[in-house]
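Hello,

Please find the structure below, as promised. My notes on what turned up follow it.

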Amino acid sequence: MSAAAIPPLMLVLLAAAVTFIWRGLGALLASKIDTDGALFRWIGCVSYATVAGLISRMAVLPTGDLADTPLWLRLGAVAVGFAVFFLAKRNLLLGAAAGAGSFAAGLFFLGS
């Protein structure tokens, strides 16, 4: 049977069932996971390192339209985001939003 022969509603229901199975297994296993353990601390460190690496790459060696913006503006936005991240008790969302907002404001004032 080809995928074209399966009605779209049946495909949606099948996808929902498969998703529900994984969510159910995740909910069952979540109660057995120690979120203060070494594994979760390591995962947190890797997550922060990945975000820091991507931001550093975008700020120092950008591609596309971002490469046309001044280096001082990109580094200034990173500094603002970094400062807000620590002032907001390591809140990654606020830090990223502050950095992006300061970059956008800088572009606006430069007339780019």
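In which hand of crossing does helix 3 pass helix 4? Helix 3 passes helix 4 in a right-handed crossing. That term applies if the near helix is turned clockwise from the far one by less than a right angle, and left-handed applies if anticlockwise.

First, the ground rules. This is a predicted model, where local features need pLDDT of at least 70 and side-chain atom pairs count only at pLDDT 80 or more, while totals for chains, interfaces and linings use all residues. Residues are numbered from 1 along each chain as its sequence is written, and side-chain values use heavy atoms, with hydrogens and water left out. Helices are DSSP runs (H or I, at least four residues), numbered from the N terminus.

**Helix 3 against helix 4**

Two packed helices are described by the angle between their axes and the distance between the axes. Here, helix 3 (residues 71–87) and helix 4 (residues 92–110) pack at about 150°, with axes 7 Å apart. The axes are lines fitted to C-alpha atoms over the stretch in contact, and angles run from 0 to 180 degrees between N-to-C directions. Helix 3 and helix 4 are therefore roughly antiparallel (over 145 degrees).

Contact means heavy atoms within 4.5 Å. On the helix 3 side, the residues include Trp 72, Leu 73, Ala 77 and Phe 85. On the helix 4 side, they include Leu 92, Ala 98, Phe 103 and Leu 110. By class, this contact has twelve nonpolar, five polar and one charged residues. Ala, Val, Leu, Ile, Met, Phe, Trp, Tyr, Cys and Pro count as nonpolar, Asp, Glu, Lys and Arg as charged, and the others, Gly among them, as polar.

**The loop between helix 3 and helix 4**

Lys 89 lies in this loop. So does Arg 90. Most residues other than glycine have a negative phi. Phi of Lys 89 is near 60°, a positive value, and phi of Arg 90 is near 65°, also positive. Lys 89 is exposed (over 50% relative accessible area, 1.4 Å probe, protein chains only), at 76%. Arg 90 is partly exposed (between 20% and 50%), at 46%.

**Helix 1 and what follows**

Helix 1 covers residues 8–30. Its 23 residues should span 33 Å, at 1.5 Å times one less than the number of residues. The end C-alpha atoms of helix 1 are 33 Å apart, which agrees. The number of buried residues (under 20%) in helix 1 is zero, so helix 1 lies largely in the open.

Ser 31 lies in the loop between helix 1 and helix 2 (38–60). Ser 31 counts as exposed, at 61% relative accessibility. The C-alpha atoms of Ser 31 and Ala 77 are separated by 40 Å.

Best wishes

Technical notes. Helices (H or I, at least four residues) and strands (E, at least two) are DSSP runs, numbered from the N terminus. Angles under 35 degrees count as roughly parallel, over 145 as roughly antiparallel, 65 to 115 as roughly perpendicular and the rest as oblique.
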